[in-house]
Amino acid sequence: MVTSTGPITRRDVRAVTERTRRPRRRGPMIAAYVILSLGALLMVFPFIWMLLSSFKDAREVLSPGIWPSRFTLTNYIEVVTRTSFPRWFLNSLIVATATTASVLLLCSLVGYVLARLRFPGKNLIFILILSTLMIPTEMLVIPWYVISSRFDWINTYWGLIFPGLIPGFGVFLMRQFFQTVPRDLFDAGRIDGVSEPGLFFRIGLPLVGPGLAALGIFSFIGNWNAYLWPLIAGQAPSMRTVPVGISLFSGEAGAAWHLIMASSSLAIVPVLIVFVLLQRQIIEGVVLTGIKG
Amino acid sequence: MTSSTSRRRRGFSLAQRETAWAYTFLALPIFFFIAVRFWPAIQSFRLSLYTWHVNPDQRRFIGLDYYREMFGNPIFHQALKNTLLYALVTVPISIALGLGIAVLLQSIARGRGLFRAIYFAPYITPAVAVAWVWGWMYNQNFGLFNRLIIEWWDFAERIGAEWLIVQPQAFLRNPDTALYAVAAVIIWQQLGFQVVIFLAGLQGIPRSYYEAAKIDGADGWQLFRHITLPLLNPVMVFAVIITSITVLQLFDQIVNINFTDQGGPLNRTLSLALYMFNEAFGRARVGYAAAITVVLFLIILTITLIQLRVTQRRFEY
């Protein structure tokens, strides 16, 4: 690639870069801010537009102009009273929480076993679990539906929850994290007479906190937003999750855009609030799975 | 304590004991992976070879008939073409934009975290609700985009620049533009993911590489072309695989963005996932729908294998 022609010391390098970098960077940096700000505006605008529309009344939502002449909460009141939104919210909460609890426990257990125990068949099991990542959900929903109908799991919480109990992705992520924990720690624990479950719960788990945080957040958001399987397995009005409820309600509402925007806001805003609160962990989680993976 | 005494008493070796524990821990997860992943996947292959009946004894073996029917069906062709087109449009554009934004973010001194969060937010919001919001913005009569176009029209007329006038668009109702209108939503939602992983990739490139190249007189474009791009290759491959797999399974957005004419107009936005859903759950053609998912699986498998080959290629810097 690039070859240096003379002997250059580290001090020379620093001197040259200090001299050239500072003054040259001002102009491009302002341009970068301008472009980034315009892009950011495009990214947030749909959210702003949604919120502003949700506060307009049925007539004003159709008129030009972005800012509502009068902010009204009637759309929200109508959505909540006309639908079972609180129930959908509760359903989503139950499904996402139960799934996440299972994912955290089982994925970390399998990840630990695959990363830190020695036993025959380990690589084969790991490869088989990884290969499940290539199976699209679409291919699984028909058999899941057949099983669920046979056992009467349709329109039950168990029916909504069972497909997501141990995602292969979570196993992969937790295995990566457990590989950063030194093996000696577990061997030392064994010598001190810690039981095998104790090695996992008392030594392993406390050391993979960031991994658990990332996995927990992903699992919760993923299940909160899930649509295809809940649409198949939970269409009964009392068993809908938020996305299914919003989707079917908006479909019925026809052209009542003020109500649709209010219901969309009810689905999106809680996720945005969680995102603002946990922003750092979420983004670091993406980075960890992306780069380490 | 109990474990060490039992080990001595029963005379198991350490290795045997560890194996026993490993499989004890793995028993339930292995059962789960078989029951909820492998068995259903194999079941889908099998269902695609039989006529459908609730009672397994009543299903009749028909071989590849559904596949033959499928490849002769113009709606399947349309859905397949649309699905591949979604990937071909959204993957390169979201990656190029994401990389560009990540490079800009890397160059600024303050506010990087804030910008990164703003770009990332759409990625985690529920696709269902997002699709309804975009559907409203695209609305032919009252949507935001056509309002802006009309404002622009007025403005162009006022300054007497007739050639600047843009006609209002039907967007989702026009068979020629509908797919691209949906693709824009996908790009908007996927962009933040690319920004985040490319930014992390950029931060992993040692500054000294750039400094050394600058001393040798490399300009900005050369730095990007010969240092940034090659070193970002693993991240790029990862982004392509993940985004392709996501986009090939497109469903939530398409169902909701045009709810009264899902997959329309004229099936121009129909994806394989939605086609499968309609056949299986709308028309109870379960075997045929299973055949569609097998094709989807084979496409994803092929892409993953090709891209794994690419990752394993060695690069010299």
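Here are some worked exercises on a predicted model of a complex with chains A and B.

## Exercise 1: Confidence first

Find out how far the predictor trusts each chain, and where its score stays under 50.

*Solution.*

Step 1. Start with the complex: the predictor assigns an ipTM of 0.88 and a pTM of 0.88.

Step 2. Go on to the chains. The average pLDDT of chain A is 87, and 90% of its residues score at least 70. For chain B the average is 89, with 94% of the residues at 70 or above.

Step 3. Look for the weak stretches. In chain A, pLDDT stays under 50 over residues 1-5, a stretch with 7 contacts beyond four places in sequence. Residues 19-23 of chain A also stay under 50, and here the model has 1 such contact. In chain B the score is under 50 over residues 1-7, which have 7 contacts beyond four places in sequence.

Step 4. Rank the elements of chain A. Helix α1 (residues 10-54) has the lowest mean pLDDT, 77, while helix α6 (residues 157-161) has the highest, 97. A word of care for your own reading: where pLDDT is low, predicted coordinates should not be read in detail.

## Exercise 2: The two folds

Describe the secondary structure of each chain, then decide whether chain B is a compact globule or more spread out.

*Solution.*

Step 1. Count the elements. Chain A holds 13 helices and 0 strands; chain B holds 14 helices and 0 strands.

Step 2. Compare the radius of gyration of chain B with the globule rule. The rule gives 20 Å for 317 residues, but the radius of gyration is 26 Å, well over that value, so chain B is more spread out than a compact globule.

Step 3. Add the extents. Along the principal axes, the C-alpha trace of chain B spans about 95 × 65 × 35 Å.

Step 4. Check burial and contact range. In chain A, 42% of the 293 residues count as buried, and in chain B buried residues make up 38% of the 317. Of the contacts in chain A with a separation of 6 or more, 74% join residues 24 or more positions apart. For chain B, 70% of the contacts between residues at least 6 apart join residues at least 24 apart.

## Exercise 3: Domains of chain A

Work out how domain 1 and domain 2 of chain A are placed and how many residues are in contact.

*Solution.*

Step 1. Take the bounds: domain 1 covers 10-54 and domain 2 covers 76-292.

Step 2. Take the distance. The centres of the two domains, over C-alpha atoms, are 35 Å apart.

Step 3. Count the contact residues. Domain 1 contributes 5 residues, which are in contact with 7 residues of domain 2. The domain 1 side has 3 nonpolar, 2 polar and no charged residues.

## Exercise 4: The interface

Which helix gives the largest share of the side of chain B that touches chain A?

*Solution.*

Step 1. Set the totals: the contact takes 82 residues from chain B and 79 residues from chain A.

Step 2. Assign the share. Helix α2 (residues 14-47) of chain B supplies the largest one, 17 residues.

Step 3. Sort by class. The chain B side has 60 nonpolar, 14 polar and 8 charged residues.

## Exercise 5: A helix checked by its length

Test whether the span of helix α12 of chain A agrees with its number of residues, and find out how many of them are buried.

*Solution.*

Step 1. Compare the spans. At 1.5 Å a residue, the 12 residues (242-253) should span 16 Å, and the end C-alpha atoms are 16 Å apart, which agrees.

Step 2. Count burial: 9 of the 12 residues are buried, among them A:Val242, A:Ile246 and A:Phe249.

Step 3. See what follows the helix. A:Gly254 comes next, with a positive phi near 60 degrees.

## Exercise 6: Backbone exceptions in chain B

Find the cis peptide bond, then decide whether B:Asn267 and B:Ala284 are buried or exposed.

*Solution.*

Step 1. Recall the background: most residues other than glycine have a negative phi, and most peptide bonds are trans.

Step 2. Locate the cis bond. This bond joins B:Gly264 and B:Pro265, with omega about 0 degrees. B:Pro265 lies in the loop between α12 (252-257) and α13 (272-282) of chain B.

Step 3. Turn to B:Asn267, found in the loop between α12 and α13. Its phi is positive, about 60 degrees, although B:Asn267 is not a glycine. B:Asn267 counts as buried because 21 C-beta neighbours lie inside 10 Å.

Step 4. Finish with B:Ala284, in the loop between α13 and α14 (286-312). Its phi is positive too, near 55 degrees. With 11 C-beta neighbours inside 10 Å, B:Ala284 counts as exposed.

How values were computed. Residues numbered from 1 in each chain as written. Chains lettered and ligands numbered in written order. Predicted model: local features only at pLDDT ≥ 70, side-chain atom pairs only at ≥ 80, totals over all residues. Contact = placed C-beta atoms within 7 Å. Helix = DSSP H or I, 4+ residues; strand = E, 2+ residues; numbered from the N terminus. Nonpolar A, V, L, I, M, F, W, Y, C, P; charged D, E, K, R; others polar. Domains from an automatic or database assignment. Buried ≥ 20, exposed ≤ 12 C-beta atoms within 10 Å, placed from the backbone. pLDDT = per-residue confidence, 0-100. Expected span 1.5 Å × (residues − 1). Rg over C-alpha atoms; globule rule 2.2 N^0.38 Å.
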